[in-house]
Amino acid sequence: AGIPKLADAQDIVEALRKRTPRPVMEGVRAMYSSALGAVVTEPSLMGVPIDDHGFHRGHAVFDTCNVRGGMAYGIDMHLQRLLS
């Protein structure tokens with residue numbers, strides 16, 4: 001068949017959708033994309049670029065919190081820790 005030609009953004013998204021395993025992405029609603037500089041909600045666009053410093057050098061900020069009923073538990077404490 002040969003190598004497909006991806007002419008525009010829609011072609012790229014469709015090609016990525018075909019390669020993204022759905023069970024892996026189940027329950028993931030959004031992710032910040034450093035490549036796009038935006039929050040993406042399309043699972044096929046949720047990827048980390050290989051040159052991302054947080055990925056290959058550990059240059060990143062990371063924190064977790066519990067969320068129940070749409071409310072983050074102790075969010076003020078988490079934000080204060082990240083901002084100090």
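**Exercise 1. Contacts and overall form**

Find what share of the contacts in the chain with a separation of 6 or more comes from residues 24 or more positions apart.

*Solution.* Step one: take the contacts in the chain with a separation of 6 or more, and pick out those between residues 24 or more positions apart; they account for 15%. Keep in mind that you're working with a predicted model here.

Step two: list the secondary structure. The chain has four helices and four strands, and reading along the sequence gives α-α-β-β-α-β-β-α. Now bring in the radius of gyration: it is 17 Å, well over the 12 Å that the globule rule gives for 84 residues, so the chain is more spread out than a compact globule.

Step three: look at the extents. The C-alpha trace spans about 55 × 30 × 20 Å along its principal axes.

Step four: check burial and surface. Just 13% of the 84 residues count as buried. The chain exposes about 7300 Å², and 58% of that comes from carbon and sulfur atoms.

**Exercise 2. Following the charges**

Locate the salt bridges in the chain, and work out which residues they join into one network.

*Solution.* Start with the bulk picture. There are 9 positive and 9 negative charges, and their mean positions sit 4 Å apart. Side chains of opposite charge can pair when their charged atoms come close. With a cut-off of 4 Å between a side-chain nitrogen of Lys or Arg and a carboxyl oxygen of Asp or Glu, the count comes to two salt bridges.

Next, take arginine 17 and glutamate 14. They form a salt bridge whose closest N and O atoms are 2.8 Å apart. Both residues belong to helix α1 (residues 9–19), three residues apart, which is about one turn of the helix. As for accessibility, arginine 17 is partly exposed at 32%, and glutamate 14 is partly exposed with a relative accessible area of 32%.

Then go to the other pair. Glutamate 42 meets arginine 17 in a salt bridge, at 2.8 Å from N to O. Glutamate 42 lies in the loop between β2 (38–40) and α3 (53–56) while arginine 17 lies in helix α1, so this pair ties together parts that are 25 residues apart in sequence.

Is glutamate 42 buried or exposed? The cut-off for buried is under 20%, and glutamate 42 has a relative accessible area of 17%, so it's buried.

Put the pieces together: through shared partners, the salt bridges join Glu14, Arg17 and Glu42 into one network.

**Exercise 3. A buried strand residue and an exposed loop residue**

Place serine 33 and glycine 69 in the secondary structure, then classify each by accessibility.

*Solution.* Serine 33 goes first. Strand β1 (residues 31–33) holds serine 33. Serine 33 has 2% relative accessibility, so it counts as buried. If you skip residues up to four places away in sequence, serine 33 touches Ala38 and Val40.

Now for glycine 69. You'll find glycine 69 in the loop between β3 (67–68) and β4 (71–72). The cut-off for exposed is over 50%; glycine 69 has a relative accessible area of 77%, so it's exposed. For a distance check, pair glycine 69 with aspartate 8: the two are 61 residues apart along the chain, and their C-alpha atoms are separated by 39 Å.

**Exercise 4. Two partly exposed residues**

Work out which residues valine 48 and glycine 54 contact once neighbours within four places in sequence are left aside.

*Solution.* Valine 48 is in the loop between β2 and α3. With a relative accessible area of 47%, valine 48 is partly exposed. Drop the neighbours within four places in sequence, and valine 48 is in contact with Met31 and Phe55. Valine 48 and glycine 37 are eleven residues apart along the chain, with 12 Å between their C-alpha atoms.

Glycine 54 belongs to helix α3, and its relative accessible area of 27% makes it partly exposed. With neighbours within four places set aside, glycine 54 is in contact with His59 and Ala60. To finish, glycine 54 and serine 34 are 20 residues apart along the chain, and their C-alpha atoms are separated by 9.9 Å.

Technical notes:
Residues are numbered from 1 along each chain as its sequence is written. This is a predicted model: local features need pLDDT of at least 70, side-chain atom pairs count only at pLDDT 80 or more; totals for chains, interfaces and linings use all residues. Side-chain values use heavy atoms; hydrogens and water are left out. Helices (H or I, at least four residues) and strands (E, at least two) are DSSP runs, numbered from the N terminus. The radius of gyration is taken over C-alpha atoms; the globule rule is 2.2 Å times the number of residues to the power 0.38. Buried means under 20% relative accessible area, exposed over 50%, partly exposed in between (1.4 Å probe, protein chains only). Contact means heavy atoms within 4.5 Å. Accessible areas come from the Shrake-Rupley method with a 1.4 Å probe; for residues, only the protein chains shown count as cover. Lys and Arg count as positive and Asp and Glu as negative; His and the chain ends are not counted. The place of a charge is taken as NZ of Lys, CZ of Arg, CG of Asp or CD of Glu.
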